[in-house]
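The following exercises concern one protein model and its bound ligand. Each task is followed by a worked solution.

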Amino acid sequence: MLTSAAQINTMTSYSALGRRFGENEKTAAKLLLTDLASGIDRVPDNYIRSEADRPNLTEVEASDASYIPLVDLQGLSGPNRDDIIRQIGRACQQDGFFQIKNHGIPEEKVQAIMNIAREFFHLPESERLKNYSDDPTKSTRLSTSFNLKTEKVSNWRDFLRLHCYPLEEYMHEWPTNPPSFRKEVGEYCTRVRELVFKLLEAISESLGLEREYISQNLGEHGQHMAMNYYPPCPQPELTYGLPSHTDPNLITILLQDDVPGLQVLRNGKWVAVNPIPNTFIVNIGDQMQVISNDKYKSVLHRAVVNRNTERISIPTFCCPSPEGLIQPAQGLIDHEHPPVYRSFTWEEFYQKFYHRGLRTECCLDMFKIPSA
Ligand code: OGA
Ligand code: NI
């Protein structure tokens, strides 16, 4: 049963969707893409990008290991630390993206959360809809695309968004179906948080800052997670799972299944990331770019979809606390490297980010100090 609030929500959204699809289309209005996609053999108009804004899939380069560096974290707290930190620093500076192996999260835990995400998105529509909301301010919600209220073209994606820190504060909002959802996802969140802190310390050191500079100076870091579900798409060349964007947060740890879809912009070309089992993708977010005073890059990336295969990705977003002050680290500023950005709080940044929607132009420009 839907709650009454959800029912109201459902009714208004159904009528909105009805208009968007055109009443005479054979597709009945659906709140979630998953339930729409299963019955159609063409992409509905409101998912079709203008010709200038399509993925051009034939022009995408295949990745090899040299494009998205693979960093082995084995020995990070031992004799290999300096070498690993150098590799991480180089990747952050040149690529903004890297993959990690031997990251310390057991394979069974990773498999478990991936299985749970898949089970969740395969639940009957009525069961999934218990978690539905199109209100972006809700800390737990299942929704679709990016922001239905503001966007003109929709994305070929459903997603479950969860706040994950502190766990006790949010876990009671999470789905209870599959039955082990809260337990497994909670354990995964705790493990990923440990990994995030190891990486923040390594990145801090790679910039020549104190080990704790990034992990300790920005208040208590928030942690959010998305479970992205990209259904098979009859015309993947016309639409995106997620269009080109940078991540607004500090750092993202992406878990993906074995289906390709993530693409990273490198030297003006889109590079398809080939998933490697038992690895995570790490990418620098906008806040890290600011702290590093533009030494490290928050790089554009996007998700494309596949004709016959569903795809699941599970990014964990590490964010500064709302009042955390973001600014170029003092230790990186000198005569030759004046600060590129003014200081601001994460709260201020996020407000601005959200109101402009998911766009290719990076929101960071709004915080730049005008150069003399
Ligand atoms: C994201 C993202 C990529 C993917 O959620 O911010 O970039 O492969 N996801 O799903
Ligand atoms: Ni992203």
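**Exercise 1.** Is Asp286 buried or exposed?

*Solution.* The model is a predicted one, in which local features need pLDDT of at least 70 and side-chain atom pairs count only at pLDDT 80 or more, while totals for chains, interfaces and linings use all residues. Residues are numbered from 1 along each chain as its sequence is written, chains are lettered from A and ligands numbered from 1 in the order in which they are written, and side-chain values use heavy atoms, with hydrogens and water left out.

Step 1. Buried means under 20% relative accessible area, exposed over 50%, and partly exposed in between (1.4 Å probe, protein chains only).
Step 2. Asp286 has a relative accessibility of 1% and therefore counts as buried.
Step 3. Asp286 belongs to helix 9 (residues 286–291); helices (H or I, at least four residues) and strands (E, at least two) are DSSP runs, numbered from the N terminus.
Step 4. With neighbours within four places in sequence set aside, the contacts of Asp286 include Thr246, Asp247, Pro248 and Phe349, where contact means heavy atoms within 4.5 Å.

**Exercise 2.** Identify the residues that coordinate the nickel ion (ligand 2) and place them in the chain.

*Solution.* Step 1. Donors are N, O and S atoms within 2.8 Å of the metal (3.2 Å for Na, K and Ca); water is not among the atoms, so sites may look incomplete.
Step 2. His245 (NE2), Asp247 (OD) and His301 (NE2) coordinate the nickel ion at 2.1 Å.
Step 3. Along the chain, the donors have the spacing H-x1-D-x53-H. Distant parts of the chain are thereby linked: Asp247 sits in the loop between strand 7 (242–245) and strand 8 (251–256), and His301, 54 residues apart from it, in strand 12 (residues 301–303).
Step 4. Asp247 and His301 are both buried.
Step 5. An unreviewed UniProt entry annotates residues 221–320 as "domain: Fe2OG dioxygenase"; UniProt positions are given in the numbering used here, feature names are shortened, and annotations may be inferred rather than shown by experiment. Residues 221–320 are 6% helix and 45% strand, with end C-alpha atoms 5 Å apart.

**Exercise 3.** Compare the span of helix 3 with expectation, and locate its buried residues.

*Solution.* Step 1. The expected span is 1.5 Å times one less than the number of residues. Helix 3 (residues 81–94) has 14 residues and should span 20 Å, which agrees with its end C-alpha atoms being 20 Å apart.
Step 2. Arg81, Ile84, Ile85, Ile88, Gly89, Ala91 and Cys92 are the buried residues of helix 3. Viewed down the axis, they fall within an arc of 165 degrees, so they line one face of the helix; the arc is that of the directions from the helix axis to the C-beta atoms.
Step 3. Asp82, Arg86 and Gln94 are exposed on the other side of helix 3.
Step 4. The cover over the buried residues includes strand 2 (70–72), strand 3 (97–101), helix 7 (181–206) and strand 11 (280–284).
Step 5. After helix 3 comes Gly96, with a positive phi near 70 degrees.

**Exercise 4.** Which residues of helix 10 are buried, and what covers them?

*Solution.* Step 1. Trp346, Phe349, Phe353, Tyr354 and Arg356 are buried in helix 10 (residues 346–356). Down the axis of helix 10, these residues fall within an arc of 165 degrees, so they line one face.
Step 2. Their cover includes helix 9 and strand 13 (311–319).
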